[in-house]
Amino acid sequence: MQVHKYDVVIVGAGGAGMRAAIESGQRARTAVLTKLYPTRSHTGAAQGGMCAALANVEEDNWEWHTFDTIKGGDYLVDQDAAEVMAKEAIDAVLDLEKMGLPFNRTPEGRIDQRRFGGHTRDHGKAPVRRACYAADRTGHMILQTLYQNCVKHNVEFYNEYYVLDLLTVEEDAVREDGTPYKQKRVAGVVSYDLASGELHVFQAKSVVFASGGAGKVFKTTSNAHTLTGDGMGIAFRRGIPLEDMEFFQFHPTGLAGLGILLSEAARGEGAILRNSEGERFMERYAPTIKDLAPRDIVARSMANEVREGRGCGPNKDYVLLDLTHLEPAHIDAKLPDITEFARTYLGVEPYTEPVPVFPTAHYAMGGIPTNITTEVLQDNDTIVPGLYAAGEVACVSVHGSNRLGTNSLLDINVFGKRAGIAAAEYAKTADFVELPEDPEAYTLDLLNHVRTSDGGERVAAIRKELQDTMDANMQVFRTADTLNQVLKDIAALEERYQRISVQDKGKRFNLDLLEAVELGFLLELAKVMTVAALHREESRGGHFREDFPERDDEKFMKHSMAYKDEHAPADGSAEAIAGIRLGTKPVVFTRYEPMVRKY
Amino acid sequence: MSAELAEPASKIELPAHIGGGGEIPTFNITLRVRRYNPEVSEEAAWEDHQLTMYGTDRVLDALHKIKWEIDGSLSFRRSCAHGVCGSDAMRINGRNRLACKTLLKDLDTSKPITVEPIKGLPVEKDLIVDMEPFFQSFREVMPFLINKGHEPTKERLQSVEDRERFDDTTKCILCAACTSSCPVFWTDGQYFGPAAIVNAHRFIFDSRDDAGDMRLEILNDKEGVWRCRTTFNCSEACPRGIQVTQAIAEVKQAILARKI
Amino acid sequence: MSTDIQSPRSGKIGSGKIAPQYRRGTGSKGNFEMLAWLFMRLSGVVLVVLIFGHLFVNLMVGEGIHGIDFGFVAGKWADPFWQFWDLAMLWLAMLHGTNGVRTIINDYAEKDATRLWLKVVLYAATVVIVVLGTLVIFTFNPCPVVNGVQLPGGFCPAP
Amino acid sequence: MPTKPAGTLYRGREGMWSWVGHRITGVVIFFFLLVHVLDTSLVRVSPEAYTAVIGAYKNPLMALGETGLVAAIVFHAFNGLRVIAIDFWKKGAKYQRQMLWTVLVLWLVTFGAFAIRHLSLALGGH
Ligand SMILES: Cc1cc2nc3c(=O)[nH]c(=O)nc-3n(C[C@H](O)[C@H](O)[C@H](O)COP(=O)(O)OP(=O)(O)OC[C@H]3O[C@@H](n4cnc5c(N)ncnc54)[C@H](O)[C@@H]3O)c2cc1C
Ligand code: HEM
Ligand code: SF4
Ligand code: F3S
Ligand code: FES
C-alpha cells in the first residue's frame, strides 16, 4: 500500500470533476483520481447543449430559466439552488468560451442558441432558444475543453485509479439545541490502481465526489458501461444518505433496442414523434409545446402509445422519430453525429426514413445530498466538513423530480466550479484528519472476498437479471406490485452475489474483479431506488405510479433521504425496508408556488 | 439561423415496411483474439472463440460475450459503447477500428475475425496498451487556447466561417486509432503522430488563438510534421471521419508559409 | 509499510516499467527537416525532367541500349549542355537519394550507434560518388590517346 | 520487452502500399545510382573497360533488370509527383486515391512503351 497526501482529492474526471480541478488546482495541491482516462468520461457523450439565458438570439432572462427548471422538476426543486444555477449559467457558458470551447455561432459571431424541451419564454408562453451548443457534440466539446485546460494548468491526474472507499472518522459533537450527535469528518479515499492491482491511500483535507451517474442499473440506457454509481454507493456505505433516488430520467429518444441516445436537439431542430399510424401523437398529450414537452411527459406518452398498440416494428415496441421533413443540409449542420448513429447502428437513413426510438434510462436526478456550496450533508442539516459532491453523483437539488435537457451540463459546470473553489478554500485553513488505523482494511476485505469467493455465480448473469427486472418493473410506469417484485428479485440476486466467482485472479488490469465490485454498487443502488419509489405513493416528474397517478403535494412535497441502516427492520414497512432507513427533507421554496404542471 | 420551419403534418401515411420487418437474424462467427498476459506468459497467442451473435451486434458485443460468458480474464477498455469516448480502438481484421462502432454483419463472417491491440504502443494486457506516450505527444503541442488579449466581459466573437475553419479537427476523441496506424509511428514511437498534429491544428486555425506560431515551431521538430509520409492510414482509421492527412498538410503549409 | 509518493504515474506500472522512453528533446533547433522535406519535393520535380530526358536519349532514341558505348558517352559529354545535364542529375539524384535513405535509416535503425554508423557509411558513399562523378564529367577527355593511338570518334579533332 | 508483439500485417490501403512501393523503389534506384556512377566513371579509366562493362548491360538478363529499374524509376517519379500534389494542392488529399490510379495508368503506359522497345532491342536484335 502507498499513501499520498494532497490538499484536495477529486474523485472523477468528467465535466464536474475537471471543472472543479481547474479551480482547485490553481489554489491548492490537487489530485484527480479517475477510473477512466479523463476524456473517456461520459460527459463526452452529451449532445444537445447547455442552457444559459444569454439572450443572444431571443429575449430571455435567468429568472425564466429558474422558473422552467422548477416547473420542469415538478416543484421538487430546491429553489435557492435553481436560482444559483440559472444565474451563474451565463458565466459558466462564458467561462467555457474563454477556455476555448468552439460553440456554434450566430451570423454576428455570438454564441448561437437553440430550443430545448421545457425551456420557455416568460413562464411557459412559448419555447425559447436558450441552449448553447456545438453541433450535437456539446458534451464532447465541454469534456475536451476542460481536459485541455487541465493540461494547461498541470492538473495531476491519477488515471485508471478506482476509488473504492471513503475514509471518514466520527467525532462526538453537540448540536446548538444541545442534542449530541456523531459528526463525520473526511480523511481521504482508498483507490485501486487498475494497472498494477495495488491499493493507494490518498489522505486529503477535502474530497470532492464527481463520479457521475448510475445508469447501468437499467438494461436499456444511454449511459456508459462504466456508469455504475460507484460514488453514490461508496458514500452510502459510509453512512451518507442518498436523496431522491426514486427519480430516474428516461430519455424519450434512445435508438430502439440499443438505448443509444438521439439528442432532444433533434426535436429542438424540428423533428417530431409519430406512432404506427403516422400520427404526431404529442399533439394529444401536450397541445402547447407538443414534441418539446419535458422528457418525463414525452417518455410516458411514448410508452403509452406502445401499450395501446400503436407501436411500430415487428414487436410493436417502439415509435418513430421523424426528421424527413427537414432539409438534409440542415440535419448535417446541426445533427451530424446522431444521424450517423442511426445509420451505423440501425442502418436507417434519417433523411428519408423515420428512426425507431424508445425511452432509455438516462439520468439520475438523485444522489449525494449537498447544499448550494456543494458541501455534502450527513443528514438534513449537518454538513460533513471537507466533503463535497458535484455533477450527476450529487443532488443539490436543481433537477427535482425531472431534469430539463441541457441543465446537467450546466449543473456540472456551475456546481463543479463551486466545488473546486470551496474544497480548495476549505483545505487552506483545515488540517488533515488522522487516517484511521489500517485505512485500506475494508477495501482489502472487499476485494479479497470477491477474488476468493468461489460459488460459481457469474457477475454478468446477475447484472443482466438485475437490469432486466429494473427495465420491466422500475421504468416509466411503476406500481406497488412491480416495485415489490424488484425488491424480491434484488434480494435473490444479492444472495447469489455472495457466491460469485471471478475468473481473473491476476493483479494487472483485472477488470473482471472490478466488474464484480461495480455490481455490488449497482445492486445496492437499485435497491435504494426501488425502496424510495415504493415509498413515494404519488406521481411526480420522472416517477410515475400507476396506482397513484396524481401528484400529492400534501404528503410528498419533500425530498426522500435513504440511509443505510443494518438495524432497520426488514419487515417491509415503508420507512424501513431491508437495511434501508428512509427519511424526508423539506424542499426549499423561495418564490415559486407549486402549480399544476401542464404544457 | 435557419428559417422557421413549416409545421409538419399531424398525420402521414407510413409506408408498410417502415420500422423494419421481420426478426433480426442470428449468425455464427469465429472471433480470433490476440491474448497476452505477462503475469502468465511472456508470449502473446491467438485464441479462437465460436460465438452466435445477432444482427445489430458489434465487435464489442462479441468481446463482452467472451468476457461475460466464457473467459472473464479477457481484458479490454470500453466505456460509452457508441463511438464517442475513444476507449476501444483496436485492430480488427488488420485495421484500426473502434470495437463499438464495427458491426459484425459488416465484416466477412465466413472467416475468423481477428482482434488485436493497436500497434506501436506497449501492450499491457490482451487488448490494453499503455496510452501514456500517446498523451505525452498530445500534451506537447500545447492543446489549449492561448489568448494574449484582454479577457472580454462577454464571449469573444468569432464568425461562422472562422468557426468552420477548424471544425473538422475539433471532433477528435483521442482514441489513438490514427497514431497507432501510422507506419512512421510504428518505427520508433518518437514521431508526434497524427493525433497530436490534429489537436495542434484545432488551435492553430482557431481565430481566437494567439499561440499558433509556438505550436508550428513545436511541430517543425525533427519528430514533427515532416516525418509524415502521407500514407493515409490515419485518415482511413479515424472513427470520427476527420481528414487527418489533410490537416497535417495544412500544418505543413502553415509552417512553410511562416518560414519563407 | 507506507511510502509517500509525490507525483502521479506516468507510464509505469508497479515496478516493471514498460513505457517507451521519450527521447524527444526540447525540440531541435533550426529548419533542417523542413528544408530537407522541401528539397525532396523540388529536386523531385526537376529530377523527373532530367531522368526522363536521360532515359529517353540513352535507351529510346536510335538503337537504344545497343548504341551505348564509349563513343556515345564521349559524344554526349563533348557538349556542355549534356555535361551540365548529367552533372545536375548526378547532384540532385544523389542528394535526393541520400536524404531519402537517411530518413529510412532514421526510421528503422533502432539503436543510436547503428543509426550513426549507417549514416557515416551513407554520407561517405555519397561524398565519394558525387566527387567521383563530378570529376569524371569535368575532367573527361573525349579524345584520349591510349598507347599512342587515337581512339575513334567522329567528334574528335584531327590529331 | 513485448512492446510490439507480432500480430498480423496492418491492412493499410492504397495510401500505405503506394508509400511502401515508393520507399522500396527509392532505395533500389539509390543503389543502382551508386553502381551506375561507378561504372560510368570507368570512361575515365579506359574506354575498353567501360565498353566491357557496358557490354554486360546488353546481356539479356541485364536487360530484364534494367527494365525493372526503369519500372521502379517511372513509378517512383509519378508517385513522387502525386505526393507533391498531396502536399501542395488543396484538394490533393481528397483525390489521393484517384491520383494513385492515374499514376498506375501512366506508369503502365510509359513503362509498357519502354519495355516493348527496350526488350525488343535488347533481346531481339543484333
Ligand atoms: C448520451 C447522453 C447525452 C446527454 N446529453 C446532455 C445534454 O445535451 N445536455 C445536458 O445538460 N446533459 C446531457 N446529458 C447528461 C450529462 O451529460 C451528464 O449528466 C453529465 O455529463 C455528468 O457529468 P459528471 O461529471 O457528473 O460525470 P461523468 O462525466 O460521467 O464523469 C464521471 C467520472 O467519474 C469517474 N469515476 C466514476 N467512478 C469512479 C470511481 N469509483 N473511482 C474513480 N473515478 C470514478 C469516471 O472515470 C469519470 O471520469 C447527457 C447524458 C448522456 C448519457
Ligand atoms: C524521378 C523523379 C523523382 C521524383 C519526382 C521523386 C520524388 C520523391 C519524393 C516527393 C519523395 C518524398 C516522399 C515522401 O516524403 O514521402 C521521394 C523520396 C525518396 N526518393 Fe525520390 N524522386 C525521384 C527520383 C529519385 C531518385 C533518382 C532516387 C535515388 C537516388 C530517389 C530516391 C528516393 C528515396 C530513397 C526516397 C525516400 C523514400 C522514403 O522516405 O520513403 N528518388 N522521392
Ligand atoms: S484524429 Fe481520429 S483517429 Fe486520431 S485520435 Fe482523434 S479521433 Fe482518434
Ligand atoms: S498515417 Fe502517418 S504518415 Fe502521415 S498521413 Fe497519417 S501521419
Ligand atoms: S466504447 Fe467508447 S468509443 Fe467505443
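A residue counts as buried here when its relative accessible area is under 20%. Keep that cut-off in mind for the iron site of this predicted model.

**The iron of ligand 2**

Two histidines serve as the protein donors of the iron atom: C:His96 and D:His76, each through NE2, at 1.9 to 2.0 Å. The pair spans two chains, with C:His96 sitting in helix H3 (residues 80-108) of chain C and D:His76 in helix H3 (residues 60-88) of chain D. C:His96 has a relative accessibility of 14%, so this residue is buried. D:His76 comes out at 15% and is therefore buried too.

What is the geometry at the iron atom of ligand 2? The site is octahedral, with six donor atoms and angles of 86 to 179° among them. For six octahedral donors, the ideal angles are 90 or 180 degrees.

**The pocket of ligand 1**

Now over to chain A. Ligand 1 has 39 residues around it, and those coming nearest are A:Ser41, A:Thr43, A:Glu392, A:Ser408 and A:Leu409. By class, that shell splits into 16 nonpolar, 19 polar and four charged residues. Helix H11 (407-429) of chain A is one of the elements that supply at least two shell residues, as are strands E2 (30-34) and E7 (161-174). H11(A) contributes the most, with four.

Some oxygen-to-backbone distances for ligand 1:

| Residue (polar backbone atom) | Distance to an oxygen atom of ligand 1 |
|---|---|
| A:Leu409 | 2.6 Å |
| A:Asn407 | 3.4 Å |
| A:Ser211 | 3.5 Å |

Taken alone, ligand 1 would expose 1,000 Å², and the protein buries 98% of that area.

Methods:
Residues numbered from 1 in each chain as written. Chains lettered and ligands numbered in written order. Predicted model: local features only at pLDDT ≥ 70, side-chain atom pairs only at ≥ 80, totals over all residues. Heavy atoms only, no water. Near = heavy atom within 4 Å. Polar contact = N/O pair within 3.5 Å; in protein donor to acceptor, adjacent residues only side chain to side chain. Areas by Shrake-Rupley, 256 points an atom, 1.4 Å probe, with all protein chains shown as cover. Nonpolar A, V, L, I, M, F, W, Y, C, P; charged D, E, K, R; others polar. Donors = N, O, S within 2.8 Å, 3.2 Å for Na, K, Ca; no water. Tetrahedral: all angles 85-135°; square planar, octahedral: opposite > 155°, others 65-115°. Buried < 20%, exposed > 50% of the residue type's maximum accessible area, 1.4 Å probe, protein only.
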